[in-house]
Amino acid sequence: MLETLARWCYHHRKRVLLSWIAGFIAIVTLGATGGGPFSTDFRIPGSESKKALQILEERFPARAGDTISVIYEADAGINSPGVRARVEKLVAGFDKVEHVVGTVTPYSPEGAGSISPDGKIAFASLQLDIQGTDMPIELTKDMIAEAEEASEAGLRFELSGQAVQQAEFVNGGGEGPGFLAAMVILLISFGSLLAMGLPILSAFVGIGIGLAILQLLAHLVEVPDFSPIVAAMVGIGVGIDYALFIVTRYRQSLHMGKDPEEATVLAITTAGRAVLFAGTTVVISVLGLLLMGLPFMQGVALGSAGCVLVTMLASITLLPAMLGFTGTNIDRFKVPFISRDEGDHRSGFWFRWSRLIQRRPWPAFLGGLVLLLVLAAPMFSLRLGFPGDETQPTERTTRRSYDLFAKGFGPGFNAPLVLAAELPSGKPDNAGALGRIEQRLAGEEGVAKVVPAQVNPSGDTAVFTVFPTTGGQSEETEELVGRLRDSVIPEAIAGTGIEVQVGGPNAGFIDSNTVIADRLPLFIAVVVGLSFILLMAVFRSVLVALKAALMNLLSIGAAYGVLVAVAQWGWGRSIFGISATGPVASFIPMMMFAILFGLSMDYEVFLLSRVREEYVRTGDNGLAVADGLAATARVITAAAAIMIMVFLSFVLGPELVIKQVGLGLAAAIFIDATLVRMVLVPATMELLGRANWWLPPWLDRLLPHVGFEGASEEAPHEVPPAPPAPQPAGTAAR
């Protein structure tokens, strides 16, 4: 099938190229003009925080919306006549903004307690009739600009709240540097401008279409605002890597004397088939996120999988068409001093390296394993959360607002809890019961302040606002929420008939953490199990598939350890522009696992497919491993370097969540492509010997045959001894 497709695309290259160009223009235009809105709602359906929100939306819509806080610091004091006049003028202007349905200033009776003890910091509250994530961004940006204009010497206004966070979120920042780094690495790898341009062009087309599809998906499912960045990150990496694998095999075939058409067919039926399998594994792994049952991860899963799928299709259709145009000119426009040639791989460094590992497999295996375990050790200190305002750059009003709240009132005022109370009808003592609940809440350790209950007009719902003494990212706040739900509130409402749900954005993040932690083991088991079956089907081996799964788990664990050491412990955080330590965003570990387990299969498949080709041809396991490693090491190194630079380029952006994702992915790819592929794989395959290719006959009959073309699909389970292959001086005979 792939041979037929490759020949068709080669002979109809003009039609294929024009179809891709037309599709690119049409879909990108449609995505830009008709794309849906992105979401920043991370609440979990069925969670207590979600129930609290639903109660307020149904019974107390005036308090169902989020709030925007206007905090200010006045050197002359809050009660200075000039300060009060400017504050009331600014708040009065905000009261006219669409979706602002009420305001409370420190100068009103309702605002009692919103002035700091030293009388120099205070805040006003703007009540919205919608969630902050639904607030139009342009309206919020206008409010931020008005606050900046109202500030003057001795009086400074800052805004905070989810609406403000959303308005200041930067959606992008890494694509340009990522592509530039990839171009440099491809130039070094190929030594030719033309050869470098093909993977870049193929990836660019695939990513453009994939991101446009993601924008259209926003009409159907929740697509978080960081989804385009993650999809671009993954799409750029795999798109360039897949094209790199195919172009490398094409150049090798040309240098072996094949004509352009046969070289194209061979590249697609070998490297292209490896790309198909690797890409399919990435898609399956990423779509595994749907098993988590988290609405906000649907967009991440579908968007990333879509980008990978489109770039994979471009690699096996658009790329052979472009190879038809280039023909034997693939090495034209050589760059001086770095021109490359595909010579005899047995004369190179990587063949000698493999033989070195094979002579001493136990020290290499044990040393690599110990190093992986050391890197993974910090993983056991992993703490999930969600980066708060204190992790934002100081140039943002949300960060400066956090600093003012912490200075004047304590860090907990940035993480209020909203308690929705359902009141029984016909009970005259509801007011007294609410008062007793307020007293019980105020006396709890870790509670800084409780705003008295506000009751809706129908008298069946009340709202408390509870301010913790600690910040939203602290473990103490998470423990406080647990105590309120498990003991404090049940004791306070006993016998009253009142039902209370603890909600608010901060409680929503805590609920997300709990659900993710509970479902993560099932997700990992499903992804690993499916990948294990696919690998067995491709390589007709139990141990190769098992080894690949275990190695991938170890490398991902090591990446988690690196992320914890930098993001939580602060080791070297200044290098990556991380201004403050804190928990790892709750969805990052599962997202990293899905992406990395798929991406690591790229190198595994590309390396092992070449090893299997050599093994089927010679029956010599040791020589097959050395030849396979030597033939693929340079392209794997280049591909890994491209992915690492692409992921690290996103660390340059201002968003901490994106920094954490980029850092974790870059660390994993570096570990996987160096320590795992170049040390542990040859060492373990040497130790296992011919057992690498063991497959019980009954399992062989059950598994579908999806092997790689270019080599026999069936490897004998009992291979007769092969004649000794020529080996470099000093190497042990196999």
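Is Glu422 buried, partly exposed or exposed? In this predicted model, Glu422 counts as partly exposed, because its relative accessibility is 22% and the class of buried residues is limited to values under 20%. Glu422 forms a salt bridge with Arg59, and the closest N and O atoms of the pair are 3.2 Å apart. Glu422 belongs to strand β6 and Arg59 to helix α3 (residues 48-59), so this pair ties together parts that are 363 residues apart in sequence. Arg59 is likewise partly exposed, with a relative accessible area of 32%.

Strand β6, which covers residues 417-422, pairs with strand β9 in the antiparallel sense over five bridges. Within this pairing, Leu419 stands opposite Val502 in β9. Strand β9 (residues 499-503) is mostly covered, since four of its five residues are buried.

The salt bridge of Glu422 belongs to a wider set, as a search of the whole structure finds 23 salt bridges. One of them joins Glu614 to Arg617, with the closest N and O atoms 2.4 Å apart. These two residues are three places apart in helix α19 (residues 588-618), so about one helical turn separates them. Their surroundings contrast: Glu614 is buried at 10% relative accessibility, whereas Arg617 is exposed with a relative accessible area of 57%. Another salt bridge is formed by Glu444 and Arg440, whose closest N and O atoms are 3.2 Å apart. Here Glu444 counts as buried at 12% relative accessibility, while Arg440 is partly exposed at 29%. Salt bridges also link Glu73, Arg156, Glu158, Arg400 and Lys407 in a network.

The discussion now turns to nonpolar residues. In soluble globular proteins, nonpolar side chains tend to be buried together. The largest nonpolar core in this model contains 157 residues, of which Phe587 and Met590 touch the most other members. Helix α21 (residues 656-688) supplies the largest share of this core, namely 19 residues. A second, separate core has 29 residues, including Ile68, Ala74, Val97 and Ala147. Met590 shows how distant stretches of the sequence are brought into contact: leaving aside neighbours within four places in sequence, Met590 is in contact with residues including Leu289, Met297, Ile516, Phe523 and Tyr560.

Nonpolar residues are also found at the surface. Leu180, Met183, Val184 and Ile188 make a nonpolar surface patch of about 330 Å². Leu180 lies in helix α7 (residues 175-190) and is exposed, with a relative accessible area of 55%.

Conventions: Residues are numbered from 1 along each chain as its sequence is written. This is a predicted model: local features need pLDDT of at least 70, side-chain atom pairs count only at pLDDT 80 or more; totals for chains, interfaces and linings use all residues. Side-chain values use heavy atoms; hydrogens and water are left out. A nonpolar core is a set of buried Ala, Val, Leu, Ile, Met, Phe, Trp, Tyr and Cys residues joined through side-chain atoms within 4.5 Å. Buried means under 20% relative accessible area, exposed over 50%, partly exposed in between (1.4 Å probe, protein chains only). Contact means heavy atoms within 4.5 Å. Patches are made of residues with over 30% relative accessible area and no salt bridge: like charges are joined within 9 Å, nonpolar side chains (Val, Leu, Ile, Met, Phe, Trp, Tyr) within 5 Å. Accessible areas come from the Shrake-Rupley method with a 1.4 Å probe; for residues, only the protein chains shown count as cover. A salt bridge is a side-chain nitrogen of Lys or Arg within 4 Å of a carboxyl oxygen of Asp or Glu. Two strands pair if DSSP finds at least two bridges between them.
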